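Please open the model in your viewer and keep the sequence panel beside it, so that each selection can be found in both places. The tour below moves from stop to stop, telling you what to select and what is there.

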Amino acid sequence: PREVPMSNAVNAHSKAAAMHVRGRHRRRHSDVTALVFAMTGATLSLVSGALGGNPDGHAAPTAYHCCRMQETGAGYTGMGGGGGGHNIPMVLACIGGAGDVITGVDFATFGIDGVVAGMCGAFRAVEKGGKMADVVAAVSKACVGRASCALEVSAAALGVEDPAPGVVKTLTVEWTCTTEDSKLEGTAVLPPLPLRTTGPDIVDASGRRLHLAAINWAGGENVNYVVSGLDLAPLRTVARLIAAMGFNAVRIPFSVALARDNPVVNPAAVAANPTLFGLSALQVMDQVVDELALHGLLVVMDNHMTDPDWCCQRADCNGMWRNGESTSSQADWIAALVTVSARYRTRPSVVAVELRNEPREVCPGASWHVGPRKCDPASFVRPAAIAAS
């Protein structure tokens, strides 16, 4: 697949964001390291991340940290789904070790959808929001000087005026920490590689039995073509925290479309990592794999979807490894597996490739995000379609 150079539009976007950040964050003392996961039942979700700053304004920061969360008790459908409200606090944190604390709150608003424009590192308040100064003061009082803080997301808990009673609101925060993200070193080493099997066991190159304790890092299979959370957190911080939680492997889903088309990633999907602006989907995946390896984390690639879409739905036409007469053939699927396997053949930390996630029944209907295409199950059994695949 083609490697796509940085486009003029992406380059202009990143320059504008850098200028905006430099102008607003001159009082920052360091880049930022912060990341928060929330556990809801059996679901582990990234809910906030890390930012950075440059007090001299001579160069664009390498990372930012931000968090956005709907208010407590709202009909929230994220972090495990279900709706009907949530009681999960927003947690701001710095994970650089002893002495790493929150040093400042650079942006904070509490309001309805549309109160904040821009993206992490370049947020700006617009109309329909509460008084920004009051929200910044409330968050600063609760969090500055601490390694972490938990905020109940409501006007009453924050002690601010409710800008829109009876309407669901969102708290958006951007903060800084003492320790620079770029100074965080790798936390572990990889086991002796390559891996192999002996009987029922997976063993490393020394013959020692290895148990894979893996976490799934979703996102690459969907419409953003990139693992989720890089819009809020530095890649290095995510890798560091995954290792600190006791995992030794990460499963990275991807779509056939990602491997086949390799588009430039939208800067908004990697907003907290300006060094990733302008890279293609596979180039970002390279950076993710390499950073995980620095923290002793093995990688299992997972062909999760054919189309870049959310999984899984019986009417998404992604239940098999091809789409009949639709968007992808069996040859496309095989080519995607070859592309990924060949690309990471020389990166020993990539120890496996899953051929396909959850083969399942195919039903008629429309998919979620891929436009007007309709799924026709008959195309999966017509001889001509099978022969064409």
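What follows is a walk through a predicted model, beginning with the whole chain and then going to single places.

**The whole chain**

Begin with everything shown as a cartoon, and find the eight helices and 17 strands that make up the secondary structure of the protein. Of its 389 residues, 49% count as buried. If you consider the contacts with a separation of 6 or more, residues 24 or more positions apart account for 73% of them.

**The largest nonpolar core**

Next select W217, L230, I252, V288, L292 and M301, which touch the most other members of the largest nonpolar core, a set of 51 residues. Several elements each supply at least two residues of this core, including strand 3 (64-70), strand 13 (249-255), strand 14 (298-305) and helix 7 (330-343). Which helix gives the most to this core? It is helix 6, with seven residues. As general background, nonpolar side chains tend to be buried together in soluble globular proteins.

Now keep V288 selected and add the residues around it: leaving aside its neighbours within four places in sequence, V288 is in contact with W217, V227, L230, L235 and I252. Apart from the largest core lies another core, of 25 residues, and you can locate it by selecting some of its members, among them I102, V139, A155 and L158.

**The cavity**

How many cavities of 30 Å³ or more are counted in this model? The count comes to one, and about 60 Å³ of space lies in this largest cavity. To see its walls, select G220, Y225, V226, V227, I252, L258, A281, V284, M285 and V288, which line it. By class, this lining has nine nonpolar residues, one polar residue and no charged residues. Helix 6, which spans residues 281-294, gives the most to the lining, with four residues. Notice that V288, in the lining here, was also among the core residues that touch the most other members.

**Helix 4**

Move on to helix 4, residues 235-244, and ask whether this helix is enclosed or open to the outside. Eight of its 10 residues are buried, so helix 4 is largely enclosed by the rest of the structure. The buried residues to select are L235, T237, V238, A239, R240, L241, I242 and A243. After the helix comes G246, whose phi is positive, near 100 degrees.

**N303 and its surroundings**

Select N303 in strand 14, and show its side chain as sticks. N303 counts as buried because its relative accessible area is 0%, and the cut-off for buried is under 20%. The side chain of N303 makes a polar contact with the side chain of W333, at 3.0 Å. If you leave out residues up to four places away in sequence, the residues that N303 touches are F254, S255, V256, W333, L337, E354, L355, R356 and N357.

**Backbone details**

Go now to the loop between strand 9 (170-177) and strand 10 (196-198), where P194 is found. The peptide bond from L193 to P194 is cis, with omega near 10 degrees.

Two further stops have a positive phi although neither residue is a glycine: N262, at about 45 degrees, and E358, at about 40 degrees. N262 lies in the loop between helix 5 and helix 6, whereas E358 is in the loop between strand 15 (350-354) and strand 16 (365-366). N262 is buried, with a relative accessible area of 0%, while E358 counts as partly exposed at 48% relative accessibility.

**Two last selections**

Select V91, which lies in strand 4 (residues 90-93) and counts as partly exposed at 23% relative accessibility. Then add S148, which is 57 residues apart from V91 along the chain, and check the distance between their C-alpha atoms, which is 6.9 Å.

Finish at G118, in the loop between strand 6 (116-117) and strand 7 (124-125). G118 is partly exposed, with a relative accessible area of 47%. Leaving aside its neighbours within four places in sequence, G118 is in contact with F123 and R124. The C-alpha atoms of G118 and A271 are separated by 9.8 Å, and these two residues are 153 residues apart along the chain.

Terms used
Residues are numbered from 1 along each chain as its sequence is written. This is a predicted model: local features need pLDDT of at least 70, side-chain atom pairs count only at pLDDT 80 or more; totals for chains, interfaces and linings use all residues. Side-chain values use heavy atoms; hydrogens and water are left out. On a 1 Å grid over the protein atoms alone, a cavity is a set of points where a 1.4 Å probe fits but cannot get out, and a pocket is an open set with protein on both sides within 12 Å along at least five of seven lines; lining residues have an atom within 4 Å of a point. Grid points are joined across faces, edges and corners, and a volume is the space filled by probe spheres set on the points. Ala, Val, Leu, Ile, Met, Phe, Trp, Tyr, Cys and Pro count as nonpolar, Asp, Glu, Lys and Arg as charged, and the others, Gly among them, as polar. A nonpolar core is a set of buried Ala, Val, Leu, Ile, Met, Phe, Trp, Tyr and Cys residues joined through side-chain atoms within 4.5 Å. Buried means under 20% relative accessible area, exposed over 50%, partly exposed in between (1.4 Å probe, protein chains only). Contact means heavy atoms within 4.5 Å. A polar contact is a pair of N or O atoms within 3.5 Å; within protein, one must be able to donate a hydrogen and the other to accept it, and residues adjacent in sequence count only if both atoms are side-chain atoms.
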